Structures are given as structure tokens and as C-alpha cells.
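Trainee: I have a model open and want to learn how to read it. Where do we start?

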Amino acid sequence: MNKRINWGRTLLIAIPFIWLLVLFLLPFMSVFKMSLSDMATARPPYVPVYDSETGLAGLWQLITELDFENYVWLTEDDLYWRSYLSSLKIALISTFFTLLIGFPIAYGMAKTPSQWRATLVMLIILPFWTSFLIRVYAWIGILKQEGLLNNFLLYLGVIDQPLIILNTDLAVYIGIVYSYLPFMVLPLYAALEKLDYTLLEAALDLGCSKIKTFWVIIVPLVMPGIYAGCFLVFIPALGEFVIPDLLGGSSTLMIGKTLWGEFFNNRDWPVSSAVAVILLLLLVVPIMLFQKMQERELKGQS
Amino acid sequence: MNSANKTQTDNLFTPWLSNSVEPLIRFENVTKKYGDFTAIDNLSLSIYEREFFSLLGPSGCGKTTLMRLLAGFETVTSGKVFIGGVEMSNIPPNKRPVNMMFQSYALFPHMSIAENIAFGLKQEKRSKKEIQRRVDEMLALVQLEAMAGRKPQQLSGGQRQRVALARSLAKKPKLLLLDEPLGALDKKLREKTQFELMNIQEELGMTFVIVTHDQEEAMTVSSRIAVMGHGQVMQVDTPDMIYEMPNSRYIADFIGDVNFIEGEFLGYKAYSAVDSTEAGIGSETESLAAIELATDQSTAASTDASNSLASFTTVVHGELLANSEKVLSEHDQVWLALRPEKVEISKTKPTGDYNMIQGKVWDIGYIGNTSTYHVQLFDGSIIKAQRVNRNRLNKRSITWEDEVWLYWNFDASVVLTE
């Protein structure tokens, strides 16, 4: 065995780790430290602040002043856990509907003659060419009381009174499903495109009905795609801020909105930092699950 | 060629010759089009119970389409398909008494071997015990008992092929369709599996329809072969008849190796009247004489065709004689199809009643058990003659550039008009 260090390779591997260290771990430590601090009318609006002139003794002094008060506070005011639960509910339901809508789209794409598929994939990605914010704003125009949808339905005579959709949870669901649909469709499409369709013929041939074939052959075989799509939608939806802020109402509780409120309206950086840390911990669970799934998938293939 | 299935050699199993036996499968004027492309063109065909029936042809001839019509994955454009007397147009694949073994095997990768075999039985809602018994039976049949718990990816190609077979047999279908079942196996394993397939088919008394492009495979396993081309059945017959009595150049060329000699029909000759020394040989001047000779004699002999030989002239080889059951008229364009193994080769001029052509050895294809001599004639064309290598290499006398005589019996060739 060659014991000498291969510097080129080490450097190559080190780059992403340094990247993560600088752009994720250090900011996270800073936020974590902030979450252990106390609010103050100062600039920055919290204490203690480390002063490099005080040296090591100052650092020790700073550490002794940190406490978990803010985390205790999160459990005392029910706004926070209600926000977390509400976010969880909204993220779960919208993930479910994204899957429900995304699956037929991905299936249709996978069954399209191959010369059209690249075009269809591009059409799925096309919305990313405009700003996310603008696309969500556009939904205001569609969903508001005298908006496109209501005008159209009134014109058709389906309804007499304009529907109130904007500034409700329904609008948030629509916004999330719309915005994250590509993240569902693309991994599903990748899985469905790889599917060997003679397996479906084989199942039919052995007496299986078409509907049952879907559940016993297609779904188990594209499960990795379903997991990937669901996590890609669920994780960002959980911490979503823009959509509930623009489309949701005052009663729409989402942790992203709560965090924003603490940070900008209350100027309570320490508490909002605590909210962010807890949100991260909540997200770590599904992310770990996702990684476990992928590992199992890789093992299954080898 | 290893021809003829057991069922056939005892001469009892010939339901296609009987008028009273109802065929298991009947194609009636079936046409299948994909857009402008006609895959199956007005095809009619009957396949009988307990047959091992081969659909043979080059890729794109429509054989796979025909099989998919039986399985129900395709629908006919016009015409009718009957299985067991029932018209199939409104019966979906999962309701047909037919199972298929796929070319790719199509084993479910997320299920174990046992689960794969049990899949079809589970759809019939049979009891757990019964399913287990049948799965064990099938695993024993294909000798994979030890692999029951494995996943398909963990098996070798040959083992997967057996699982696919076991899965398609598990439901005891009336009819088993096999789509290039042995295509992915190496030659040795393929030959072994062919005989296993035949044994299983005989043992279970099922009807097998197999799609293959491998003519040797079709010859080995089949009771009958349908050779297909351009969406039509070109000939349906037993393997020996297909080989010995092809009805067209297409068939003769597709099955085995063949020499074609193009010529013109001159007339009939009484067999006794033929003197081998008079038969046309070699050079052009001689062949001209042969034509005149032949035309003179044909008028006299043509009245009684059954006891006589048809006489042909070719551009270069002169007059050649052949048995023919076909009714020919003078100046018909014909081809003599001649199998290489029926052509003798000699350095000295043979004596006796033969067709003879002289040439020079151009190449020798040595296969081991046989050698094929490619003999170049005076006009540059090549005739192949095959010899079994009974002697060891150093004892074989004919070599490159040797002047040789090719000769064959009058009944060795088949006369073809198309």
C-alpha cells in the first residue's frame, strides 16, 4: 500500500468540505450562539457579544452568559409549536397533492415517444426561467376575488359569488403544489423512464389487472423516485416563507412566517435563531431518513 | 441437421393432416398495420393442440407481432384470432388462457424467485397452501429449489431463463408462448435447454408456440415450422419437409446453406434414356450442344412426366437433370436448389448417372467435423460442396486450386420456380 498522501485527491475531496464548513457550519454556529443569547436594545440587538480584546477570559465570560432561556420560551408560548405543527400539516398535505398531480405527468412523459421527451422535460423546467417571486405574485392575480379564476368561473356560470381563495390556506396549498411540482415530476420521471415496461406486460400476461399491476409492479419499482420527489417537496415546503406570506392569510401559521415576524417585527434575533435551530433539527429527521433510503437503494443494486 | 421431434418420428402426431381435428389456434385473414407499415399481411394459419410450433424468420418479418397478437398485447387491424374456438378480439391479455415467456425474461426485480413464480397463481386467488405446492413443483421442475429466496439479479442468465420458464408454466396455460426464449444463452447451454424444453412440453402435454430467428433451434424443437417473410407465412411444414422440400428460394436460402443454379426448363427425359456422358459439362460450346440435344429429346419424353426427369439448361453448365413433382412448361425460368452436403467432390471424373460440373477449389471452410469446399466454376460463380471429415487432416487429398468435379444425384436437388 502506498502510504504517501495523494495531495491532489485530498484537495479535491477537501474543497466541498471546506465549502460546507465556511458556508454552512460557521454560520450555523453563529446562529446557534445567537439563539443562546439574550435580546438587547443594542446593535447587534443581543448580548453577549464577543470582544476580541478581552481574550480567552472574555470568551469564557461570554460562554457563561449563554443559556437555553429562548428554547424554554419556545415551549411556553403555544404560537411556536402551533406554527411547527401547522407547517408540518401544510407541508405533508401539499406533498401528497404534488405527488398525486406529478405522478400522472411523469408517467405520461415516460410513455411519450423518446424524440419528444427532451422537449417535455424542458417544459417542466421552463418556469424556473422566471423568478420564483414573480410566479407566486402571478397567483395573486389569478386567485384574488376579481381575479382570472373567479372571472372565468363567473363567466361560465359555475358560481354566482366570487370564491374567496386568496389569503386562505387553500391558496398556500395551490402555491406550494404549483411551485414544487417540477421537483416531484423530475425524479419520478427519471424512475419511470428506467422502468422496464415488459414487466407490465408480464404482469398482465400472468392474469394481473391493470390497476393491480400499478400497485404491485410500478409503485414498488419507482419507490426511490417517489421518495426523492416527496423529500424534495416536503423539506423546502416545511420552511416555506414567501408563499404563505404572499398567498396566505393572517391566520395561516407557518414556521417561516413566525421566524420572519420574530426577526423583523419583534427584532428578537435570539428567539428567531432558536426557532431556526429547531426547524433545522426537525428537517434533519426527514433528511436522515432520505439518506437511509438512498443507502438501502444502493445496497439493493449491488 | 437434427430434425424431427419424437412425436413426429413415430408418425402418429400429425393433427394438421386430419380434417376432423379442431385447431387450438386459428388466424383468419389477419392483418396488422402500424400506420403505413404492414406487419402482418392477410395471414391465415392453424396451430394444433400439443404442437411445438415455431415461428421462424428474419427480424422484422412479423413473427413477434403474431405472437403478441396471441398474447393480447396487440390487436388485429382486420381478421380474426381464435384460441380454443373462442374469438379473442375483446379478451384482454390477463383473461386469456395463454402465458408468455419473454425474451428479456421480464422477471420482477423486487420479488424473490419464489414470489415471481407464485405471481400468476396469486392472481387466481388460490389458497396459500396450493400456491406453495405449485411453486415447489415448478422450482423442482427447473431445478432451482435452492434459489427460491434469491432475487433475479442474483442469478445467472441460464438460471433466470429457467425462472422465467417456471413462472410462465406455473398456471398450466393451454398455450405457452416463447419469445426467443434461448436467445441470451450461450451455444452449449442453448442446445441443452432446447432438449429440456422439448421434454417439458411432452411431459406436460401443452402447446408451445416459439418465436425464433435461429433456424437450427426451430429444426430441433418443432413439430412444425412456419417460415415467415414480409408479414406472410411463406411455408408451414415439418422441419424435414422445410429442409428437403422448400417451396421457394426464400425458404431454401433461409433454412440452411444452399446453392442455386439458375436455368431454363427444356423438357422431360425418360430416366433410362439418360447417358451420363451426354449430359452437358463445363465450357460454353459444349453446353450449346446440350441444349439442342435436350430439346430434341424432350418432345419425345414429355408425355410421361412421372417416370422421367426434368431437364434444364443453364447458361454455363449446360444441361442438368432433376426430379420434379412440379408441372413445368417449356422455357420456364427455374432454379435448382442444391444443399452443399448433397454435392460430391472428386478430383477424377466420376462414372455413373450424375449431374456434373467442373471447377477449381477456391476456398475451404474448415469447421472441424465438416469442411465446405467453395468451388469456382468457369463463369466465376461458386458452388459449395460439403464433406464430412472422416479422415484426419493429412489424409485429405483435395486442396486449394485443385481442378475438381462436382457431381450429384438427379434427385438431390429441388426445382424451384419462385
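The talk below moves from single residues to a helix, then to two interfaces.

Mentor: Keep one thing in mind. This is a predicted model.

Trainee: Let's take one residue. Is Ile211(A) buried or exposed?

Mentor: Look at the relative accessible area. Over 50% counts as exposed. Ile211(A) has 65%, so it is exposed. Its place is in helix 10 of chain A, residues 210–221.

Trainee: How far is Ile211(A) from Ala14(A)?

Mentor: Compare sequence and space. The two are 197 residues apart along the chain. Their C-alpha atoms are separated by 50 Å.

Trainee: Now a whole helix. How many residues of helix 3 of chain B are buried?

Mentor: Count residue by residue, with buried meaning under 20% relative accessible area. Helix 3 of chain B spans residues 113–123. Eight of its 11 residues are buried, so the helix is largely enclosed by the rest of the structure. Among the buried ones are Ile113(B), Ile117(B), Phe119(B) and Leu121(B). Asn116(B) and Gln123(B) are on the list too.

Trainee: What covers the buried residues of helix 3 of chain B?

Mentor: Check both chains. The cover includes helix 9 (198–205) and helix 10 of chain A. It also includes helix 4 (128–141) and helix 5 (157–169) of chain B.

Trainee: Which residue just after helix 3 of chain B takes a positive phi?

Mentor: Lys125(B). Its phi is about 55 degrees.

Trainee: On to the chain interface. How much area do chain A and chain B bury between them?

Mentor: Read the area first, then who pays for it. The two chains bury about 1700 Å², with 61% of it on carbon and sulfur atoms. On the chain A side, Glu201(A), Asp205(A) and Leu206(A) lose the most area to chain B. Together they make up 42% of what that side buries. In residues, the contact takes 18 from chain A and 22 from chain B.

Trainee: Which residues form the salt bridge between Glu201(A) and its partner chain, and at what distance?

Mentor: Look for opposite charges facing each other. Glu201(A) pairs with Arg68(B), and the closest N and O atoms are 2.6 Å apart. The count between the two chains is one salt bridge. Eight residue pairs are in polar contact across this interface.

Trainee: Which helix of chain A gives the most to the side that touches chain B?

Mentor: Helix 9 of chain A, with seven residues. The residues on that side of chain A divide into 10 nonpolar, four polar and four charged.

Trainee: Which domains does chain B have?

Mentor: Watch for split ranges. The assignment gives domain 1 as 3–97 + 173–254, and domain 2 as 259–416. Their contact takes 10 residues from domain 1 of chain B and nine from domain 2 of chain B.

Trainee: How much area is buried between domain 1 and domain 2 of chain B?

Mentor: About 860 Å², of which carbon and sulfur atoms give 57%. Tyr243(B), Arg249(B) and Ala252(B) supply 59% of the area that domain 1 of chain B buries against domain 2 of chain B, more than any other three residues.

Trainee: Which side chains meet in a salt bridge at 3.1 Å?

Mentor: Glu244(B) and Lys342(B). The count between these domains is one salt bridge. Polar contact links four residue pairs across the domain interface. The elements that give two or more residues to the domain 1 side are helix 8 (239–244) and helix 9 (249–254) of chain B. By class, that side has five nonpolar, two polar and three charged residues.

Conventions: Residues are numbered from 1 along each chain as its sequence is written. Chains are lettered from A and ligands numbered from 1 in the order in which they are written. This is a predicted model: local features need pLDDT of at least 70, side-chain atom pairs count only at pLDDT 80 or more; totals for chains, interfaces and linings use all residues. Side-chain values use heavy atoms; hydrogens and water are left out. Helices (H or I, at least four residues) and strands (E, at least two) are DSSP runs, numbered from the N terminus. Buried means under 20% relative accessible area, exposed over 50%, partly exposed in between (1.4 Å probe, protein chains only). Contact means heavy atoms within 4.5 Å. Buried area is the accessible area (1.4 Å probe) that two parts lose on being put together, summed over both. A salt bridge is a side-chain nitrogen of Lys or Arg within 4 Å of a carboxyl oxygen of Asp or Glu. A polar contact is a pair of N or O atoms within 3.5 Å; within protein, one must be able to donate a hydrogen and the other to accept it, and residues adjacent in sequence count only if both atoms are side-chain atoms. Ala, Val, Leu, Ile, Met, Phe, Trp, Tyr, Cys and Pro count as nonpolar, Asp, Glu, Lys and Arg as charged, and the others, Gly among them, as polar. Domain bounds come from an automatic or database domain assignment.
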